[in-house]
Amino acid sequence: MIDPLSRRAFLAKSSGAIAALAVGRRALGASPRAEPPGPVYGRVGPRGLAGGSSVAPSSGEVILIDGRVLRASHVGPRGIGAGKSVLLAPEGDRGWSVLYAEV
């Protein structure tokens with residue numbers, strides 16, 4: 001029989017497993033992985049991301065689930081607070097831009 005698993009429990013277990021894998025890679029001295037090939041989830045760094053325009057986008061740090069830090073640009077009138085969730089997309093010039101942000 002299959003025991004029901006709440007969404008919260010599933011997310012907690014899966015994030016714990018991913019974190020354990022990341023720690024294991026570092027402990028083994030594995031080299032950091034190449035940049036992700038597609039959209040990725042992350043959290044805005046401690047300084048947040050200020051609002052920007054298409055002419056002058058703002059930029060800031062985004063921390064991925066495995067601990068890597070990417071520099072991302074943001075185009076939008078409202079800033080994004082520190083620790084907020086964002087979805088990043090790769091740009092053509094090996095940069096990253098915010099596709100979606102938590103309010």
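In the predicted model, the loop between β3 and β4 contains G83, a residue that is partly exposed, with a relative accessible area of 33%. Once neighbours within four places in sequence are set aside, the contacts of G83 are with R43, V44 and G45. Of these, V44 belongs to the largest nonpolar core, and residue 44 is also the last position of strand β1, which spans 40-44. The C-alpha atom of G83 is separated by 9.0 Å from that of I63, a residue 20 positions away along the chain.

The loop and its surroundings are set within a chain of one helix and five strands, which follow one another in the order α-β-β-β-β-β when read along the sequence. Of the 103 residues in the chain, 28% are buried. Among contacts with a separation of 6 or more, 47% are made by residues 24 or more positions apart. The accessible surface of the chain amounts to about 7,300 Å², and carbon and sulfur atoms contribute 61% of this area.

The largest nonpolar core consists of 12 residues, namely V40, V44, L49, V62, L64, L70, A72, I80, V86, L88, W96 and V98. At least two residues of this core are supplied by each of β1 (40-44), β2 (58-64), β3 (69-74), β4 (85-90) and β5 (96-101). In soluble globular proteins, nonpolar side chains tend to be buried together. Within the core, A72 is in contact with L49, V62, L88 and W96, and its contacts beyond four places in sequence also include S58, S59 and G60.

The contact between A72 and G60 is also listed from the side of G60, a residue of strand β2 whose partners beyond four places in sequence are L49, L70, R71 and A72. With a relative accessibility of 4%, G60 falls under the 20% limit and therefore counts as buried. Between G60 and R71, which are 11 residues apart along the chain, the C-alpha separation is 5.5 Å.

Another member of the core, V98, is located in strand β5 and is classed as buried because its relative accessibility of 19% is under 20%. Leaving aside residues up to four places away in sequence, V98 is in contact with the core residues L49, I80, V86 and L88, and additionally with S73, H74 and L87. The C-alpha atoms of V98 and P39 are 9.5 Å apart in space, although 59 residues separate the two in sequence.

S73, one of the contact partners of V98, lies in strand β3 and is buried, with a relative accessible area of 16%. The side chain of S73 is joined to that of E91 by a polar contact of 3.2 Å. The remaining contacts of S73 outside its sequence neighbourhood of four places are with P57, S58, S59, W96, S97 and V98.

A second serine, S85, is placed in strand β4 and likewise counts as buried, at 15% relative accessibility. The side chains of S85 and Y41 make a polar contact of 3.1 Å. Beyond four places in sequence, S85 touches Y41, G42, R43, Y100, A101 and E102. The polar partner Y41 lies in strand β1 and is partly exposed, with a relative accessible area of 42%.

On the surface, Y41 joins L87, L99 and Y100 in a nonpolar patch, whose members together have about 440 Å² of accessible area. Two residues of this patch, Y41 and Y100, are thus also contact partners of the buried S85, while L87 is in contact with the core residue V98.

Side chains of opposite charge can pair when their charged atoms come close. One salt bridge is found in a search of the whole structure, and this pairing links R68 with D66 through N and O atoms that are 2.8 Å apart at their closest. The acidic partner, D66, counts as buried because its relative accessibility of 12% is under the 20% limit.

Technical notes
Residues numbered from 1 in each chain as written. Predicted model: local features only at pLDDT ≥ 70, side-chain atom pairs only at ≥ 80, totals over all residues. Heavy atoms only, no water. Core = buried A, V, L, I, M, F, W, Y, C linked by side-chain atoms within 4.5 Å. Buried < 20%, exposed > 50% of the residue type's maximum accessible area, 1.4 Å probe, protein only. Helix = DSSP H or I, 4+ residues; strand = E, 2+ residues; numbered from the N terminus. Contact = heavy atoms within 4.5 Å. Polar contact = N/O pair within 3.5 Å; in protein donor to acceptor, adjacent residues only side chain to side chain. Areas by Shrake-Rupley, 256 points an atom, 1.4 Å probe, with all protein chains shown as cover. Patch = residues over 30% accessible without salt bridge, like charges linked within 9 Å, V, L, I, M, F, W, Y side chains within 5 Å. Salt bridge = Lys/Arg side-chain N within 4 Å of Asp/Glu carboxyl O.
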